[in-house]
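Please open the model in your viewer and keep the sequence panel visible. The tour below proceeds by selection, from the chain as a whole to individual side-chain pairs.

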Amino acid sequence: MKRFVLLFLIAMLAVLDTAPAFAQAPGDDTLVVAQAQTGRRRTLFDLLFGEEPAPPAAPVPEPRRAVPRASAPAAAPVAAAPPPPPEPDVTKDPDATRLAVFGDSLAIDLTKALERFYAEDPNIVVIGQGVSSSGFVRDDYFDWNQTIEEQIAADSFDLAVVIIGINDRQDISANGQSFAPLSEGWKAAYQARLNDFLNRLRAARKPVVWVGLPPMSKSDYSGAISQISALQKLAAFSGGAEFLDIYDRFLGEDGKYSSQGPDVNGQNARMRKDDGIHFSNAGSDKLAFYISQALSAFYRGGTISVAVADPLAGTEAAAMLRPPYQGLGQTRLLEVAGAVTPISRAPQRASDLLMATGSTEAAPAFSLDQLMQAPTGRVDAFGVGVDPEDDMPDEPEVLQ
């Protein structure tokens with residue numbers, strides 16, 4: 001019986017030791033469960049003989065102080081890239097040379113490139129005169145011959161650059177007739193309008209650089225543009241203008257159209273826009289460089305030289321209507337006048353002139369006396385010559 005009571009007491013103590021304690025806040029129906037305190041559990045030995053004294057509490061370790069890590073050495077601040085130099089603020093001289101750029105949309109892009117090229121030159125100012133969709137065919141839309149006459153009358157420019165023609169592959173109307181593109185009638189009417197345009201500039205003594213047209217991406221269109229450029233070249237030569245042929249300078253290594261090419265610095269760059277017709281900024285800058293070389297015959301870094309030594313001055317030929325010095329165009333004119341003989345042309349032999357009738361006999365030689373008696377002023381007057389009034393030949397006998 002005692003053993004049973006002892007076991008019952010032990011069981012009750014175990015239940016009381018492990019069961020959670022419930023508490024109720026005053027005036028509140030909520031039961032709060034008090035969690036059992038954590039610690040050493042009591043044993044039967046503690047019940048019978050008493051609890052052992054609690055061991056001394058372990059010393060609470062002091063919180064570890066955060067030791068700051070040795071920070072990595074701060075990287076040296078990266079020097080910011082220097083800002084680009086400001087664009088030069090160049091004030092153009094009031095008497096600066098006025099360079100006008102005439103033409104279609106190609107002229108509009110070229111005007112911007114020439115403005116960049118001469119931005120730091122105070123002695124030349126670029127005037128844009130480009131008109132989109134214009135040309136020499138549709139004078140009902142825009143009449144370039146009338147426009148150039150108005151510009152000349154207003155004295156609005158000193159030098160002229162012309163680049164035009166990409167809109168001219170269409171029917172032309174002249175003298176009440178319409179001609180298909182590049183037909184014989186079309187070429188005659190087109191050439192007449194080009195000549196009219198250039199003759200007005202030549203009469204006003206305005207130097208002209210006419211820029212030929214570049215290759216195009218579409219082969220059929222490029223072929224038509226090449227023919228139009230050839231007509232412009234002929235008109236430029238006959239009208240005393242300097243013609244700048246750029247066709248080969250915008251071809252690829254295979255001799256065909258290429259949108260890429262070397263820029264003014266020799267680096268490969270995109271020369272043409274996506275339409276295969278117009279120039280990109282790099283292409284326009286390259287074209288502006290070529291034009292500056294052609295303009296060097298007239299414009300020399302601050303001064304414009306239009307009037308040059310005239311080899312025909314003092315002669316009857318001086319009264320002819322002639323353009324100012326135009327490089328190749330003027331040279332051709334002087335060749336026709338006999339004032340210039342190109343060194344590349346082999347001189348004709350005197351015997352060839354004397355045997356114009358086809359005779360194979362040797363031409364008789366001139367005696368020294370005959371050369372000495374040549375009239376004064378004749379090219380073969382190696383001596384002092386004689387006065388033609390003193391040695392008039394007898395009247396020739398009139399044959400019945």
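**The chain as a whole**

Of the contacts in the protein chain with a separation of 6 or more, 64% are between residues 24 or more positions apart; contact means heavy atoms within 4.5 Å. This is a predicted model, in which local features need pLDDT of at least 70 and side-chain atom pairs count only at pLDDT 80 or more, while totals for chains, interfaces and linings use all residues. Residues are numbered from 1 along each chain as its sequence is written, and side-chain values use heavy atoms, with hydrogens and water left out.

Display the cartoon first. The secondary structure of the protein chain comprises 10 helices and 11 strands; these are DSSP runs numbered from the N terminus, helices being H or I of at least four residues and strands E of at least two. Of the 400 residues in the protein chain, 30% are buried. Buried means under 20% relative accessible area, exposed over 50%, and partly exposed in between, with a 1.4 Å probe and protein chains only.

**Select helices α3 and α7**

Select residues 105-117 for helix α3 and residues 281-295 for helix α7. At what angle do α3 and α7 pack? The angle is about 65 degrees, and the axes are 8 Å apart. Axes are lines fitted to C-alpha atoms, for helices over the stretch in contact, and angles run from 0 to 180 degrees between N-to-C directions. The two helices, α3 and α7, are therefore roughly perpendicular to each other; angles under 35 degrees count as roughly parallel, over 145 as roughly antiparallel, 65 to 115 as roughly perpendicular and the rest as oblique.

Now show side chains. On α3 the contact involves D109, L110, A113, L114, R116 and F117, and on α7 it involves N281, S284, D285, L287, A288, F289, I291 and S292. By class, the residues of this contact are 8 nonpolar, 3 polar and 3 charged. Here Ala, Val, Leu, Ile, Met, Phe, Trp, Tyr, Cys and Pro count as nonpolar, Asp, Glu, Lys and Arg as charged, and the others, Gly among them, as polar.

**Select the charged pairs**

The structure contains 11 salt bridges, each defined as a side-chain nitrogen of Lys or Arg within 4 Å of a carboxyl oxygen of Asp or Glu.

Select D285 and R116, whose side chains form a salt bridge at 2.7 Å, N to O. D285 belongs to helix α7 and R116 to helix α3, so the pair ties together parts 169 residues apart in sequence. D285 is partly exposed at 26% relative accessibility, and R116 is also partly exposed, at 41%.

Next, select K273 and D109, which form a salt bridge with the closest N and O atoms 3.4 Å apart. K273 sits in the loop between β11 (268-270) and α7, whereas D109 is in helix α3, 164 residues apart. Is D109 buried or exposed? At 15% relative accessibility, D109 counts as buried, while K273, at 37%, counts as partly exposed.

**Select helices α4 and α5**

Finally, select residues 144-154 for helix α4 and residues 184-203 for helix α5; their axes come within 9 Å and cross at roughly 5 degrees. Helices α4 and α5 are therefore roughly parallel to each other. W144, N145, I148, E149 and I152 of α4 meet R193, D196, F197, R200 and L201 of α5. The residues of this contact comprise 5 nonpolar, 1 polar and 4 charged.
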